[in-house]
Amino acid sequence: MKLNFEVENIKCAGCASNIKNHLQNDDRIISIDVDIDKGTVSIEAKLDASDEWLQVMKELGYTEK
C-alpha cells in the first residue's frame, strides 16, 4: 500500500535523509520517497502504521500539514 503525507519543514536533502534514516529500519516499510519541493513523504508499506510514522516525523520536527 502507498501512503502519502504532506509534511512541514522539509527544506533540504539533509531533512529528507533524516526522515529516511529514522523510518527505514521499520520492517513494515518497503520504500520511502521524500519530495523536498512538494514537502511530501511517500511510504510504500505492508500495512498502515501512519500514526506511528507521523509521530516519528513529528519528533524529528517535521509535522503533518
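**Exercise 1. Place Asn 9 in the chain and state whether Asn 9 is buried, partly exposed or exposed.**

Step 1. Asn 9 lies in the loop that connects strand 1 with helix 1. Helices (H or I, at least four residues) and strands (E, at least two) are DSSP runs, numbered from the N terminus.

Step 2. The model is a predicted one, in which local features need pLDDT of at least 70 and side-chain atom pairs count only at pLDDT 80 or more, while totals for chains, interfaces and linings use all residues. Residues are numbered from 1 along each chain as its sequence is written, and side-chain values use heavy atoms, with hydrogens and water left out.

Step 3. The relative accessible area of Asn 9 is 37%, so Asn 9 is partly exposed. The scale is: buried under 20% relative accessible area, exposed over 50%, partly exposed in between (1.4 Å probe, protein chains only).

Step 4. Asn 9 has a phi near 80°, a positive value in a residue other than glycine.

**Exercise 2. Describe the sheet: strand order, pairing and edges.**

Step 1. Three strands make an open sheet, ordered 1-3-2, with antiparallel pairing. Two strands pair if DSSP finds at least two bridges between them.

Step 2. Strand 1 (2–6) and strand 2 (29–35) are the edge strands, each pairing on one side only. From one strand to the next, the twist averages 15°.

Step 3. Strand 1 and strand 3 (residues 40–45) run antiparallel and are joined by five bridges. Leu 3 stands opposite Ile 43 in strand 3, and Asn 4 stands opposite Ser 42 in strand 3.

Step 4. Leu 3 and Phe 5 form the covered face of strand 1, whereas Lys 2, Asn 4 and Glu 6 form the uncovered one.

**Exercise 3. Find which strands each helix touches or lies across.**

Step 1. Helix 1 lies across strand 2 and strand 3, and runs at about 170° to strand 2. Axes are lines fitted to C-alpha atoms, for helices over the stretch in contact, and angles run from 0 to 180 degrees between N-to-C directions.

Step 2. Helix 2 packs on the sheet and touches strand 1, strand 2 and strand 3. The direction of helix 2 makes about 35° with that of strand 1. Contact means heavy atoms within 4.5 Å.

Step 3. Ser 50 is in helix 2. With a relative accessible area of 14%, Ser 50 is buried. Ser 50 touches Leu 3 and Phe 5, not counting residues up to four places away in sequence.

**Exercise 4. Work out how helix 1 and helix 2 cross, and what kinds of residue make the contact.**

Step 1. The axes of helix 1 (residues 13–23) and helix 2 (residues 50–60) come within 10 Å and cross at roughly 135°. Helix 1 is therefore oblique to helix 2. Angles under 35 degrees count as roughly parallel, over 145 as roughly antiparallel, 65 to 115 as roughly perpendicular and the rest as oblique.

Step 2. Helix 1 contributes Asn 18, Ile 19, His 22 and Leu 23 to the contact, and helix 2 contributes Trp 53, Val 56, Met 57 and Leu 60.

Step 3. These residues divide into six nonpolar, two polar and no charged. Ala, Val, Leu, Ile, Met, Phe, Trp, Tyr, Cys and Pro count as nonpolar, Asp, Glu, Lys and Arg as charged, and the others, Gly among them, as polar.
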